[in-house]
Amino acid sequence: MTHVLEARNLVRDYHVPGSLFKKARTVHALKGVSFTVDEGKTLAIVGESGCGKSTLGRIITLIDPATAGELLIEGKKVDIARDGLTPEMRRKVQIVFQNPYGSLNPRQKIGDILAEPLIINTKAPADERRERAMAMLKKVGLDEKHYNRYPHMFSGGQRQRIAIARALMLNPRLLVLDEPVSALDLSVQAQVLNLLADLQDEFQLTYVFISHDLSVVRYIADHVMVMYYGEAVEYGSRDEVFADPKHSYTKTLFAATPRADVASIKARLARKAA
Ligand SMILES: Nc1ncnc2c1ncn2[C@@H]1O[C@H](COP(=O)(O)OP(=O)(O)OP(=O)(O)O)[C@@H](O)[C@H]1O
């Protein structure tokens with residue numbers, strides 16, 4: 001079976017220019033990271049601040065180039081230096097960022113925010129764009145009446161729903177979710193996680209879920225990759241990694257994390273297991 005996403009030995013170096021007081025230096029943000037993600041599955045990427053999670057997310061989403069390595073989307077090699085990327089390839093991968101306050105243009109109405117990817121990437125006429133935006137609002141648990149409102153008129157959870165809806169407008173295969181619930185209250189986190197799980201089932205979406213929160217990862221992930229200073233130090237199924245962490249860093253990370261379970265997450269897990 002072809003993987004939806006395959007990363008082979010991804011390397012990313014950042015060259016930080018020197019100043020009067022500091023020498024120029026190179027930050028080795030990714031030191032050769034490899035993994036695969038299959039259709040309809042979720043790979044969680046876990047690790048502390050600075051371990052390279054977001055760098056990896058930006059490379060997968062083709063926002064940033066890698067220094068070396070290979071990236072394959074549905075078995076097709078992507079030019080990681082970003083030359084020659086087809087619009088088709090770009091449409092397949094979308095990203096949702098942590099901050100729903102910062103990621104939506106405050107001057108645009110929700111309908112226009114959702115229609116924008118269609119205007120840029122397709123020839124869909126205005127009435128079709130409107131219809132698709134309305135339909136997507138409903139899919140993420142919002143309402144047609146929200147179409148003409150501005151982002152400031154929504155709660156944090158609702159804004160993240162809008163960001164998810166925007167990411168889905170082009171029917172992507174893969175969503176990179178970069179700390180998508182970290183800025184939300186616990187009860188709202190559970191609602192958004194449940195929404196992501198439902199959308200995954202409905203559209204057979206593949207997720208790369210970046211998080212530092214192990215209780216969230218435990219709920220959402222099929223596979224887990226633990227990163228430490230630019231390296232993947234652990235990689236396996238969720239149950240394997242949680243039940244029997246191999247690397248000393250993973251053990252420390254798990255020991256340091258309180259079990260902050262969310263009631264409705266537990267309920268859903270139980271439903272899933274049943
Ligand atoms: N544009 C850049 N220029 C120089 N160094 C960078 C740049 N972006 C990231 N880095 C460095 O690369 C390393 C990995 O950063 P990255 O943001 O990917 O980590 P992270 O695990 O996502 O952390 P956080 O959770 O805090 O966002 C860090 O040492 C960071 O300082």
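**Exercise 1. The shell around the ligand**

Find which helices and strands each supply at least two residues of the shell around the ligand, and state how the shell residues divide by polarity.

Solution. Step 1: β1 (5-16), β2 (25-37) and α1 (53-60) each supply at least two residues of this shell. Helices (H or I, at least four residues) and strands (E, at least two) are DSSP runs, numbered from the N terminus. The model is predicted: local features need pLDDT of at least 70, side-chain atom pairs count only at pLDDT 80 or more, and totals for chains, interfaces and linings use all residues. Residues are numbered from 1 along each chain as its sequence is written.

Step 2: The residues that surround the ligand are Tyr14, Val16, Val27, Ala29, Gly47, Ser49, Gly50, Cys51, Gly52, Lys53, Ser54 and Thr55. A residue is near a molecule or strand if its C-beta atom, placed from the backbone, lies within 6 Å of it.

Step 3: With 3 residues, α1 gives the most to the shell.

Step 4: The shell holds 5 nonpolar, 6 polar and 1 charged residues. Ala, Val, Leu, Ile, Met, Phe, Trp, Tyr, Cys and Pro count as nonpolar, Asp, Glu, Lys and Arg as charged, and the others, Gly among them, as polar.

**Exercise 2. The sheet of 4 strands**

Give the strand order of the open sheet of 4 strands, and find which residue stands opposite His15 in β2.

Solution. Step 1: The order is β2-β1-β4-β5, and the pairing is antiparallel. Two strands pair if DSSP finds at least two bridges between them. The edge strands, each pairing on one side only, are β2 and β5 (76-78). Direction ignored, neighbouring strands of this sheet are turned by 30° against each other on average.

Step 2: β1 and β2 run antiparallel and are joined by 10 bridges. Across from His15, in β2, stands Thr26.

Step 3: β1 also pairs with β4 in the antiparallel sense, over 5 bridges, and Ala7 stands opposite Leu71 in β4. β4 (68-73) and β5 pair over 3 bridges, again in the antiparallel sense, with Lys77 of β5 as the bridge partner of Leu72.

Step 4: α1 lies across β1, β2 and β4 and runs at about 115° to β1. Axes are lines fitted to C-alpha atoms, for helices over the stretch in contact, and angles run from 0 to 180 degrees between N-to-C directions.

**Exercise 3. The sheet of 6 strands**

Give the strand order of the open sheet of 6 strands, and follow the pairing of β9 with β3 and with β10.

Solution. Step 1: This sheet has the order β6-β7-β8-β3-β9-β10, with mixed pairing. β6 and β10 (231-237) are its edge strands, each pairing on one side only. The twist averages 15° from one strand to the next.

Step 2: β3 (42-46) and β9 (223-228) pair in the parallel sense over 4 bridges. In β9, Val224 is the bridge partner of Ala44, and His223 is that of Leu43.

Step 3: β9 pairs with β10 in the antiparallel sense over 6 bridges, and His223 has Ser237 as its bridge partner in β10. The hairpin of β9 and β10 has 2 residues between the strands, and in it Tyr229 takes a positive phi near 45°.

Step 4: α1 lies across β3, β6, β7 (174-178), β8 (206-211) and β9, at about 155° to β8. α5 packs on the sheet and touches β6 and β7; its direction makes about 170° with that of β6.

**Exercise 4. Core and cover**

Name the residues with the most contacts inside the largest nonpolar core, and decide whether Phe97 is buried or partly exposed.

Solution. Step 1: The largest nonpolar core has 68 residues, and Ala44, Ile45, Val208 and Ile220 have the most contacts inside it. A nonpolar core is a set of buried Ala, Val, Leu, Ile, Met, Phe, Trp, Tyr and Cys residues joined through C-beta atoms within 7 Å. Helix α5 (156-168) provides the largest share of this core, 6 residues.

Step 2: Leaving aside neighbours within four places in sequence, Ala44 is in contact with Phe209, Ser211, Val217, Ile220, Ala221 and Val224. Contact requires C-beta atoms, placed from the backbone, within 7 Å.

Step 3: A residue is buried if 20 or more other C-beta atoms lie within 10 Å of its own, exposed if 12 or fewer, and partly exposed in between; C-beta atoms are placed from the backbone. Phe97 is partly exposed because it has 19 other C-beta atoms within 10 Å. Phe97 lies in the loop between β6 (93-96) and α3 (110-121).

Step 4: In β9, 5 of its 6 residues are buried.

Terms used
Two residues are in contact if their C-beta atoms, placed from the backbone, lie within 7 Å.
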